[in-house]
Amino acid sequence: MESFIYLRLRHRVEVRPNSSITLADIAQIIAPEKDLTKLKQLTVYEVSTSDKSSVVIDVMTLIDLITEKWGAVDIQTIGPSQTIIDIIYKKKKVPILFFILIWLLLFLGSALAIMNFHEDVSMRAVHQKIYKMITGNDQSKPLILQIPYSLGLGLGMIIYFNHLFKKRFNEEPSPLEVEIFNYQQDVDHYVVMNENKESIKRLDDH
């Protein structure tokens with residue numbers, strides 16, 4: 001083999017149980033044309049049932065496999081130094097009764113949170129004062145303000161989260177999606193540090 005290989009590991013790869021993972025599955029490769037096909041077909045890991053839900057493949061493992069097969073070559077790595085392998089098992093269907101119970105729980109919880117917030121800030125009294133300022137009359141139930149406010153509250157939430165069921169209004173990520181992304185980054189960092197056996201070295205191990 002000529003003496004250069006460039007590897008860029010993918011951050012995350014999803015596979016099925018008992019899959020055979022090749023170098024092309026987890027990395028972008030630049031190498032001499034005559035060796036590229038063999039490199040892409042190089043098996044780097046065999047997924048087994050003992051792997052549970054995720055596996056971390058370190059770039060040093062890949063370098064060791066390549067040098068073992070092709071000898072001394074110049075391997076340049078770009079980007080992440082680990083790839084997270086997510087093992088995707090067949091999803092179980094959620095019972096419709098369970099789905100309805102969860103939906104009701106979320107709906108009632110959200111409704112109670114909104115009502116408690118409005119009670120804390122005396123929203124009803126605020127509407128009454130605004131109504132008196134505009135009309136000069138006292139009204140215990142200023143529905144002309146409360147109904148548009150309620151509709152606007154729901155519309156505002158839809159616009160804020162940038163979703164109406166599965167429909168998106170634009171390509172900008174919603175605050176919820178950003179928070180989920182940040183959470184996933186933290187989870188990935190945890191997995192890399194704890195699933196990768198080379199990340200931690202205990203000097204008192206025998």
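**Note on aromatic pairs, salt bridges and helix α3**

1. F107 has a relative accessible area of 47%, so this residue is partly exposed. The model discussed here is predicted. F107 shares helix α4 (residues 96-120) with W103, and the two are four residues apart, about one turn of the helix. An α-helix has 3.6 residues a turn, so residues three or four places apart point the same way.

2. A search of the whole structure gives two aromatic pairs. One is formed by F4 and Y6, whose ring centres are 6.0 Å apart; their planes stand at 50°, so this pair is tilted. The other is W103 with F107: here the ring centres are 5.4 Å apart and the planes are at 10°, so the pair is stacked. The cut-off behind these labels is that planes under 30 degrees apart count as stacked and those over 60 as edge-to-face, with the rest tilted.

3. As for accessibility in the tilted pair, F4 is partly exposed, with a relative accessibility of 32%. Y6 is also partly exposed, at 36%.

4. The search for salt bridges over the whole structure returns four. One of them joins the side chains of D86 and R12, with an N to O distance of 2.1 Å. D86 belongs to strand β8 (residues 82-87) and R12 to strand β2 (residues 12-15), so this pair ties together parts that are 74 residues apart in sequence.

5. R12 also forms a salt bridge with D188, where the closest N and O atoms are 2.0 Å apart. This pair links distant parts of the chain, since D188 is in helix α7 (residues 175-195) and R12 in strand β2, 176 residues apart. R12, D86 and D188 are thus linked in a network of salt bridges. Side chains of opposite charge can pair when their charged atoms come close.

6. Which members of this network are buried, and which are partly exposed? D86 has a relative accessible area of 15% and is therefore buried. D188, at 4% relative accessibility, is buried as well. R12 is at 27%, so R12 counts as partly exposed. The cut-off for buried is under 20% relative accessible area.

7. A further salt bridge runs between K34 and D35, with the closest N and O atoms 3.3 Å apart. K34 counts as exposed, at 55% relative accessibility, whereas D35 counts as buried, at 8%.

8. Helix α3 (residues 59-70) has 12 residues, which at 1.5 Å a residue should span 16 Å; the end C-alpha atoms are 16 Å apart, so the two values agree. Its buried residues include V59, L62, I66 and W70. Seen down the axis of α3, the buried residues fall within an arc of 60°, so they line one face of the helix. The face turned away from that buried side carries the exposed residues M60 and E68.

9. What do the buried residues of α3 pack against? Their partners are the strands β1 (5-9), β5 (43-46), β6 (54-58) and β7 (75-78), together with the helices α1 (23-26) and α2 (33-40).

10. A last point concerns W70, one of the buried residues of α3. K69 lies over the face of W70, at 5.6 Å from the ring centre.

Technical notes: Residues are numbered from 1 along each chain as its sequence is written. This is a predicted model: local features need pLDDT of at least 70, side-chain atom pairs count only at pLDDT 80 or more; totals for chains, interfaces and linings use all residues. Side-chain values use heavy atoms; hydrogens and water are left out. Rings of Phe, Tyr and Trp (its six-membered ring) pair if their centres lie within 6.5 Å; planes under 30 degrees apart count as stacked, over 60 as edge-to-face and the rest as tilted. Buried means under 20% relative accessible area, exposed over 50%, partly exposed in between (1.4 Å probe, protein chains only). A charge sits over a ring if NZ of Lys or CZ of Arg is within 6 Å of the ring centre and within 35 degrees of the ring normal. The expected span of a helix is 1.5 Å times one less than its number of residues. The arc is that of the directions from the helix axis to the C-beta atoms. Contact means heavy atoms within 4.5 Å.
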